[in-house]
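Here is a short tour of one protein chain and the ligand it holds. Keep the structure open beside you as you read.

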Amino acid sequence: MGIILIGAWLIGAVLGKPGVFLFLGLLAYMLWHLHNLRRLEQWLRDGRTYQPPEASGIWSEVFYLLYGKRQRERAQKKRLAAMLSQFREATSAMPDATVVLGPGDEIQWFNDAARQLIKLHAGQDVGQRIDNLIRYPEFGNFLESGNESGYILIPAPKDPETTLSARVIPYGRDLRLLILRDVSQQQRLEQMRRDFVANVSHELRTPLTVVNGFLETMIDTDDECAREWSRSLLLMQQQASRMQHIVEDLLLLSRLETDSNRPPEKPVSMPALIATIYEDVEHLAAQKRQQISIDSESEAGLYGAERELHSAFANLVINAIRYTPEAGRIRIRWWADEQGAHYAVADTGIGIEAAHIPRLTERFYRVDVGRSRDSGGTGLGLAIVKHVLNRHEARLRIDSVPGRGSTFTCDFPLSRVSRT
Ligand code: ADP
């Protein structure tokens, strides 16, 4: 600018009109700027021309800097587009339906599997609340509960034959990822296994009753042949009745598993139930000279199925008798507090190593198979206890010190406690 102005002034001075030439110089300089500004505006507006226009002076610098910025942005855009398309490809290849839910549980995005599994349509369903499209009260409650670690099984919308397992994972700001997986095949296999066990147990029941009946008659018969065989007959009867117990326990377990209805909500008097259990097991404890004490600290009862609760609570006491040596002590305790109500059976028995505790409620899991068999165990007792407690929304806690004894506690929630 300086050079132009000095040049214009000098020419003007030579020609005797410095002011006019200075003005003309300034005008030319402004026009040059305006011209370049227009070229810049055209270049920025026109997305097709990538290369900047030729320019000189400061404008060459401006074009060069803007060109560099544009190049960097373009490379970044390309990278992002590639990442996005990779992400889309990966989520499309995923067999699980994935749905991104916004803060109000409205659908923001979903993958191809969601289109097929839960029949979502890109046009009409984005922005809709997911619980308007998957209309199961349990699913709505599950979403509301914000349960991150659990899952829920629901029938697929418009296809009740398909079972889906649904999980919700929170991420980012108020966003949640809903993942749905088709578990129909596992469900069918599980159902087949349950039916098979139930059918086999059912089929074995009658022949075993007949065999047991005949064995009893033969043992009671007072003839010489029976007396000769008496030891073998007794052994046969022991084994037959063991099989009968296993079959009965398996049938009870499969009934508990297949009955998806909530147990009845009738109030069960706990002090009365504990007294009945005591009467049932008293003679077993007496045979081992064990002492059973009862601390019924609360008059509260439980809402539930009396037969199921009886079976679970009696199982815990029978186990305590079984795994406590002669002259040991067993304490049955029932109490209520602000968390709910609790039933506990504590013994001074052989105890359980910590490593076994998490697996005790599995079917046929026994710490010592021989000992369990000898004492008439089937290996199914604690599995039954766990099922009964699950059906009553209760939890089983096991505390044990090897060589000192064990305590099995059943914690019932307040909603199950009856105060009448
Ligand atoms: P079982 O018919 O063998 O008693 P359960 O399912 O009732 O089967 O128990 C599983 C295993 O847990 C038992 O075999 C035993 O090893 C262990 N157990 C259960 N109760 C007690 C207890 N009170 N003391 C020590 N061990 C126990």
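## Domain layout

In this predicted model, the C-alpha centres of domain 1 and domain 4 are 90 Å apart. The domain assignment places domain 1 at residues 2–85, domain 2 at 94–182, domain 3 at 189–258 and domain 4 at 266–418.

## The first helices

Start with α1, where the end C-alpha atoms lie 20 Å apart; this agrees with expectation, because 14 residues at 1.5 Å a residue should span 20 Å. Just after α1 comes Gly16, with a positive phi of about 85°.

Next is α2, which covers residues 18–45. Its 28 residues reach 40 Å from the first C-alpha to the last, close to the 40 Å expected at 1.5 Å a residue. Which residues of α2 are buried? They are Gly25, Tyr29, Asn36, Leu40 and Trp43. The buried residues of α2 pack against α1 (2–15) and against α3 (58–93).

## Around the ligand

Now turn to the ligand, which has 20 residues around it. Those that come nearest are Asn319, Tyr323, Ser372, Gly379 and Leu382. Two side chains place polar atoms by ligand oxygen atoms: for Asn319 the distance is 2.8 Å, and for Tyr323 an N or O atom is 2.8 Å away. Gly381 takes part through its backbone, with an N or O atom 3.3 Å from an oxygen atom of the ligand.

How much of the ligand does the protein bury? Taken alone, the ligand exposes 520 Å², and the protein buries 98% of that. Three elements give two or more residues to the surrounding shell: α12 (306–322), α14 (381–391) and β12 (405–413). The largest share, three residues, comes from α12.

## Two loops with positive phi

Two loop residues are worth a look for their backbone angles. Asp105 sits in the loop between β1 (97–101) and β2 (107–110). Its phi is near 60°, a positive value in a residue other than glycine. Arg289, in the loop between α11 (270–287) and β7 (291–296), is not a glycine either, yet has a positive phi of about 55°.

Are these residues buried or exposed? Asp105 has 11% relative accessibility, so it counts as buried, since the cut-off for buried is under 20%. Arg289 has 57% relative accessibility and therefore counts as exposed, as exposed means over 50%.

Notes: Residues numbered from 1 in each chain as written. Predicted model: local features only at pLDDT ≥ 70, side-chain atom pairs only at ≥ 80, totals over all residues. Heavy atoms only, no water. Domains from an automatic or database assignment. Helix = DSSP H or I, 4+ residues; strand = E, 2+ residues; numbered from the N terminus. Expected span 1.5 Å × (residues − 1). Buried < 20%, exposed > 50% of the residue type's maximum accessible area, 1.4 Å probe, protein only. Contact = heavy atoms within 4.5 Å. Near = heavy atom within 4 Å. Polar contact = N/O pair within 3.5 Å; in protein donor to acceptor, adjacent residues only side chain to side chain. Areas by Shrake-Rupley, 256 points an atom, 1.4 Å probe, with all protein chains shown as cover.
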